[in-house]
Amino acid sequence: MAIHTQESLSGFIASEPLLTETAKGDARFFARIGKEHFRREDDGSFTQTETTYHHLVMFGRSAEHAHANFAQGDNFVAEGYTRPVNYERNGQAIEGEEFVAKKIGHDAARTRYEVDRTPRNGVGRNAAAYDPTQRAAATAHAPVSM
């Protein structure tokens with residue numbers, strides 16, 4: 001079985017996130033994001049180089065959740081893809097790219113947070129509560145294959 005992968009991106013939310021609507025009325029999350037870059041030195045240390053800034057967008061319910069949970073300055077990890085964009089600003093044609101995130105979460109290495117494992121009941125979905133002790137017991141004797 002092949003593992004299907006997507007692009008990933010980590011960084012920080014550099015602008016105040018915006019929630020707007022597409023022409024079709026779907027939710028659209030937009031934020032400028034910063035990506036820190038580092039250079040590895042001969043002695044094994046790292047030197048921070050120039051931070052670059054990019055566009056990140058999300059659509060639909062994911063966009064609504066991202067807008068409710070992310071603020072300027074938050075560190076994130078996202079999964080999605082990069083696509084080219086063309087638009088006009090002040091009469092000038094602009095060509096660039098944006099990262100379309102399908103999933104996004106706070107960067108666990110840089111963020112303190114608590115996990116709420118109470119069940120979420122969505123439309124047409126009845127999620128069972130996550131019980132880490134049950135999962136540990138169920139997987140303790142399960143064979144692992146690669």
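Okay, let's start with a puzzle: which residue in β8 is the bridge partner of H55? Have a look at the structure while I set the scene. Keep in mind that this is a predicted model.

So, the answer is E98. That bridge belongs to the pairing of strand β6, residues 52-59, with strand β8, residues 92-106. Those two strands run in the parallel sense, and three bridges hold the pairing on paper.

Now, β8 has another neighbour. Strand β7, residues 75-89, is joined to β8 by 14 bridges, and here the two strands run antiparallel. If you want one pair to click on, try E88, whose bridge partner in β8 is A93. β7 and β8 form a hairpin with two residues between the strands. Zoom in on N90 in that hairpin, please: N90 takes a positive phi near 55°.

Back to β6 for the last bit, the aromatics. How many aromatic pairs do we count? Just one aromatic pair. The partners are F12 and Y53, with ring centres 6.2 Å apart. Their planes sit at 90°, and over 60 counts as edge-to-face, so edge-to-face is what we call this pair. F12 comes from strand β1, residues 7-13, and Y53 from strand β6, so the pair links parts of the chain that are 41 residues apart.

And are those two rings' residues buried or exposed? F12 has a relative accessible area of 19%, so F12 is buried, since the cut-off is under 20%. Y53 comes in at 43%, so Y53 counts as partly exposed.

Key. Residues are numbered from 1 along each chain as its sequence is written. This is a predicted model: local features need pLDDT of at least 70, side-chain atom pairs count only at pLDDT 80 or more; totals for chains, interfaces and linings use all residues. Side-chain values use heavy atoms; hydrogens and water are left out. Two strands pair if DSSP finds at least two bridges between them. Helices (H or I, at least four residues) and strands (E, at least two) are DSSP runs, numbered from the N terminus. Rings of Phe, Tyr and Trp (its six-membered ring) pair if their centres lie within 6.5 Å; planes under 30 degrees apart count as stacked, over 60 as edge-to-face and the rest as tilted. Buried means under 20% relative accessible area, exposed over 50%, partly exposed in between (1.4 Å probe, protein chains only).
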